[in-house]
Amino acid sequence: MSTDTDAKLIEQGRKLFAGDWQFIWASPSIETLPPMQGLEVAFAGRSNVGKSSLINALTGRNALARTSHTPGRTQELIFFEGPKDAGFRLVDMPGYGYASAPKAKVASWTALIHKFLQGRSTLARVYVLIDARHGIKDVDSDVLKTLDKSAVSYQVVLTKADQVRPAELEARTAATLAALAKHPAAFPDVLATSSRTDAGIPELRAAMIRLLEERR
């Protein structure tokens with residue numbers, strides 16, 4: 001893709017996410033999901049990987065998505081809607097892999113996520129967030145396999161990239177790409193981001209603009 005095209009997508013992404021973004025819905029169960037309309041992208045990841053911080057960085061709002069130092073705080077599917085003419089929503093999914101939560105609670109979160117993935121025709125892509133300091137862990141691999149089975153397109157986003165040395169980040173990105181080659185539903189590109197420095201945030205917005213254009 002040309003540099004001009006990339007620059008155009010980045011600018012379109014900046015304008016979209018500079019618009020009015022609002023919390024619109026919280027669903028603790030599949031029965032309480034909002035009606036399907038427009039296009040949705042969801043964010044999945046281990047508890048404390050930085051999902052809420054990434055959503056805040058994307059939208060340029062410090063408190064749109066609730067952040068916490070306590071893992072497992074997001075226990076529902078949280079929906080945010082962009083400018084009215086955009087027809088675009090972000091979905092913050094419950095964090096997975098939080099061993100300290102009650103087993104019944106973990107089971108209910110898992111069931112909710114699986115049902116959502118399998119029955120949401122408006123869901124265009126899932127962004128799976130992986131901590132750049134650690135790479136893909138077993139619990140992440142299980143989620144990737146679930147996405148493969150659900151035939152949901154997903155892309156890996158490395159978070160907290162500012163906390164990793166450049167050479168290590170490059171190696172982590174290459175290792176992640178190699179691992180994704182074994183997953184049929186994975187988008188063959190990895191984005192490295194930092195919610196603290198905004199590194200990679202314009203490129204992630206551009207990826208969503210590209211997705212919007214492809215699905216229209």
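## Aromatic pairs

In this predicted model, six aromatic pairs are found in the structure. One of them joins Trp-21 and Phe-88, whose ring centres lie 6.1 Å apart and whose planes meet at 80°, so the pair is edge-to-face; the angle is over 60 degrees, the cut-off for that class. Because Trp-21 sits in the loop between α1 and β1 (22-27) while Phe-88 belongs to strand β4 (residues 88-92), this contact ties together parts of the chain that are 67 residues apart in sequence. Both Trp-21 and Phe-88 are buried, and together with Phe-17 they form one aromatic cluster.

Another edge-to-face pair is made by Phe-23 and Phe-80, with 6.3 Å from centre to centre and 70° between the planes. Here, too, distant parts of the chain are linked, since Phe-23 lies in strand β1 and Phe-80 in strand β3 (residues 77-81), 57 residues apart. The two partners of this pair are covered to unlike degrees: Phe-23 has a relative accessibility of 46% and therefore counts as partly exposed, whereas Phe-80, at 2%, counts as buried.

## Salt bridges

Side chains of opposite charge can pair when their charged atoms come close. In this model the count comes to ten salt bridges. One of them joins Asp-6 to Arg-210, with the closest N and O atoms 3.9 Å apart, a value that falls within the 4 Å limit used for such pairs. This salt bridge links distant parts of the chain, with Asp-6 in helix α1 (residues 3-18) and Arg-210 in helix α6, 204 residues apart. Asp-6 counts as partly exposed because its relative accessibility is 31%, and Arg-210 is likewise partly exposed, with a relative accessible area of 25%.

A salt bridge of local character in sequence is formed by Glu-11 and Arg-14, at 2.8 Å from N to O; both residues lie in helix α1, three residues apart, which is about one turn of the helix. Glu-11, at 32% relative accessibility, counts as partly exposed, and so does Arg-14 at 42%. The side chains of Arg-133 and Asp-131 also meet in a salt bridge, with an N to O distance of 2.7 Å. Arg-133 is partly exposed at 30% relative accessibility, while Asp-131, at 4%, counts as buried. Elsewhere, salt bridges that share partners join Glu-40, Glu-81, Arg-89 and Arg-120 into one network.

## Helix α4 and the residue after it

Helix α4 covers residues 138-150, which gives it 13 residues, and it reaches 19 Å from its first C-alpha to its last, close to the 18 Å expected at 1.5 Å a residue. The buried residues in α4 are Asp-140, Val-143, Leu-144, Thr-146, Leu-147, Asp-148 and Ser-150, a list in which Asp, Thr and Ser stand beside Val and Leu. Just after α4, the backbone at Ala-151 takes a positive phi of about 55°.

## Surroundings of Thr-193

Where does Thr-193 lie along the chain? Thr-193 is found in the loop between β7 (186-192) and α6 (201-215). With a relative accessibility of 1%, Thr-193 counts as buried, because the cut-off for that class is under 20%.

When residues up to four places away in sequence are left out, Thr-193 touches Leu-54, Val-157, Leu-158, Thr-159, Lys-160, Ala-161, Ala-199, Gly-200 and Ile-201. Among these partners is the run from Val-157 to Ala-161, and another of them, Ile-201, is the residue at which α6 begins.

## The chain as a whole

The chain has six helices and seven strands, which follow one another along the sequence in the pattern α-β-β-α-β-β-α-β-α-β-α-β-α. Its radius of gyration is 16 Å, close to the 17 Å that the globule rule gives for 216 residues, so the chain is as compact as a globular protein of that length. Along its principal axes the C-alpha trace spans about 50 × 40 × 35 Å.

Of the 216 residues in the chain, 48% are buried. Among contacts between residues at least 6 apart in sequence, 75% join residues at least 24 apart. The chain exposes about 10700 Å², and carbon and sulfur atoms supply 52% of that area.

Terms used. Residues numbered from 1 in each chain as written. Heavy atoms only, no water. Helix = DSSP H or I, 4+ residues; strand = E, 2+ residues; numbered from the N terminus. Expected span 1.5 Å × (residues − 1). Buried < 20%, exposed > 50% of the residue type's maximum accessible area, 1.4 Å probe, protein only. Contact = heavy atoms within 4.5 Å. Rg over C-alpha atoms; globule rule 2.2 N^0.38 Å. Areas by Shrake-Rupley, 256 points an atom, 1.4 Å probe, with all protein chains shown as cover. Phe/Tyr/Trp six-rings, centres within 6.5 Å; stacked < 30°, edge-to-face > 60°.
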